[in-house]
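Please take the chain below as the object of a guided reading, moving from single residues to the sheet and the helices around it.

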Amino acid sequence: MFEILKFQKFSVALALLILSVFATSNYAQTPGVELIEKSQTGEASPAGGDSAKIGKAVGADHRSQELEEEKKLNFKKGEIVSPSYDFKMGKTKLSYGLYLPKSFDESKTYPLIVVLHGLNSNPKQILSYPNLTKYADEKEYILVAPMGYNERGWYGSRGNGGGRGRDPDNLGELSEQDVMEVLKLTRQNFKIDDERIYLFGHSMGGGGSIHLATKYPKVWAAIGVVAPAAYGDRSRLAAARHIPFYVVQGDRDRLVSVQETRKWVEKMEELKMKHKYIEVKNGGHVFVAWQHFSGIFDFFAANPKQDLSKSKEN
C-alpha cells in the first residue's frame with residue numbers, strides 16, 4: 001500500500017513537472033511578454049505629471065495617443081502574454097494571462113472564456129494546457145486567466161478570509177474580486193459578446209467556477225469544470241440553475257474525490273439543470289484537465305446565455 005501511494009504521488013509530481021516545463025517552453029517562444037510587463041510598469045509613471053508640468057494640451061494629447069498605440073501593441077495575437085493592472089482593492093499591481101486568437105480582428109466581437117487555475121498554479125500554466133489555445137484559435141475565442149490574487153486564493157469559494165502567514169486576512173475576497181476586475185478590464189479592452197462569456201476551471205479553479213457561477217449568475221453563459229475542488233452547501237447551485245454545466249472527473253482522482261463531484265452532479269439533476277457529466281475511467285487529477293477541450297468548446301458554442309425571463313416562465 002505504501003509503495004502504491006509513493007507511486008501515485010510520484011505520478012502527480014511528474015505530471016506537474018512536465019506541465020511546468022511545457023509552460024516554460026511555450027513562453028520561451030514569446031519574447032514580447034517581458035517587454036510588455038516592463039512597458040506597462042512604466043505606464044503608471046510620469047505621463048500625467050509631465051503633461052501637467054508642460055501645461056500644453058497638444059503635448060498631452062500626443063502622449064495619450066502614444067500610450068494608446070503602445071497598449072494596442074502589447075496585446076499580441078496568437079501568443080500568451082501577461083499584462084498587468086493596478087488592483088486598487090489590494091493596493092498592488094497584479095498580472096494575468098491573456099490569449100487572443102491568431103485571427104483576432106479588433107473590429108470584431110468575440111466570445112470570452114475566463115480560465116481559473118488550480119492550487120499552486122498560475123495563469124501562464126493553465127493557458128499552456130495542451131490544445132487550449134489551439135481550440136481558441138479554431139473557434140475564435142479570447143482567453144483570459146486571472147491570478148486570483150495569488151496561487152492559493154480559492155477565488156472566494158472558501159469565504160472572504162483564508163489568509164495565512166503573509167497573506168492578507170481577506171485573501172478570499174481579494175481573489176474573487178481579482179477575477180471580476182480582470183473580466184471588467186477585458187470587456188473594456190476588447191469587443192466581447194455579452195451573451196457568450198464562459199467560465200472554465202480546473203481543481204481549485206473548478207471550485208472557484210462553481211462559486212462564481214452562484215455568486216454572479218447573470219454574467220455567465222455556461223460553465224466548464226474539471227476535477228472541481230468544490231465544498232460547502234450544494235443547495236447554492238439553485239442560484240445558477242439556469243446555467244449549463246460541463247463536468248469532467250476522473251474516478252481515480254486522489255486529490256478531488258469522485259464521490260464529492262457525483263454529489264454536485266446529483267444536485268444539478270435534482271434542480272433539473274442542463275448539464276453534461278463525463279466520468280473518466282481510471283482518470284486521475286492532472287491529465288484529464290486537457291483531454292476534453294473539444295467537448296467543452298462544443299458545449300460552450302451550443303450554449304449562449306439564456307434569457308432569464310423565459311427561463312423563469314418555464
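In which loop does N120 lie? N120 belongs to the loop between strand 5 (110–116) and helix 5, where helices (H or I, at least four residues) and strands (E, at least two) are DSSP runs numbered from the N terminus. The model is a predicted one, in which local features need pLDDT of at least 70 and side-chain atom pairs count only at pLDDT 80 or more, while totals for chains, interfaces and linings use all residues. Residues are numbered from 1 along each chain as its sequence is written, and side-chain values use heavy atoms, with hydrogens and water left out.

Although N120 is not a glycine, its phi is positive, at about 65°, and the residue is exposed, with a relative accessible area of 58%; here buried means under 20% relative accessible area, exposed over 50%, and partly exposed in between (1.4 Å probe, protein chains only). N282, in the loop between strand 10 (275–280) and helix 10, is likewise a residue other than glycine with a positive phi, near 65°, and at 47% relative accessibility N282 counts as partly exposed.

For the chain as a whole, there are eleven helices and ten strands, and 47% of the 314 residues count as buried. The exposed area is about 15,900 Å², of which carbon and sulfur atoms supply 51%, with accessible areas taken from the Shrake-Rupley method with a 1.4 Å probe and, for residues, only the protein chains shown counting as cover. Among contacts (heavy atoms within 4.5 Å) between residues at least 6 apart in sequence, 70% join residues at least 24 apart.

The sheet can be followed next. Eight strands form an open sheet with mixed pairing in the order 1-4-6-5-7-8-9-10, where two strands pair if DSSP finds at least two bridges between them. Its edge strands are strand 1 and strand 10, each of which pairs on one side only. Helix 10 packs on this sheet and touches strand 5, strand 7, strand 8, strand 9 (245–250) and strand 10, its direction making about 165° with that of strand 8; axes are lines fitted to C-alpha atoms, for helices over the stretch in contact, and angles run from 0 to 180 degrees between N-to-C directions. Strand 5 and strand 7 (residues 192–202) pair in the parallel sense over six bridges, and Y110 has I192 in strand 7 as its bridge partner. Strand 2 (residues 84–87) and strand 3 (residues 92–95), by contrast, run antiparallel and are joined by four bridges, with L94 in strand 3 as the bridge partner of Y85. In the hairpin of strand 2 and strand 3, which has four residues between the strands, K91 takes a positive phi near 50°.

Helix 10 also meets helix 6 (residues 132–139), in which L132, T133, Y135, A136 and D137 are buried. The axes of helix 6 and helix 10 come within 10 Å and cross at roughly 35°. In this contact L132, Y135, A136 and K139 of helix 6 meet F293, S294, F297 and D298 of helix 10. The buried residues of helix 6 pack not against helix 10 (293–301) alone but also against strand 1 (80–81), strand 4 (97–99), helix 5 (123–127) and strand 6 (142–145). After helix 6 comes E140, whose phi is positive, near 60°.

Finally, Y216 is found in the loop between helix 8 (204–215) and strand 8 (222–226). Leaving out residues up to four places away in sequence, Y216 touches E176, Q177 and M180, and the C-alpha atoms of Y216 and M180, 36 residues apart along the chain, are separated by 9.5 Å.
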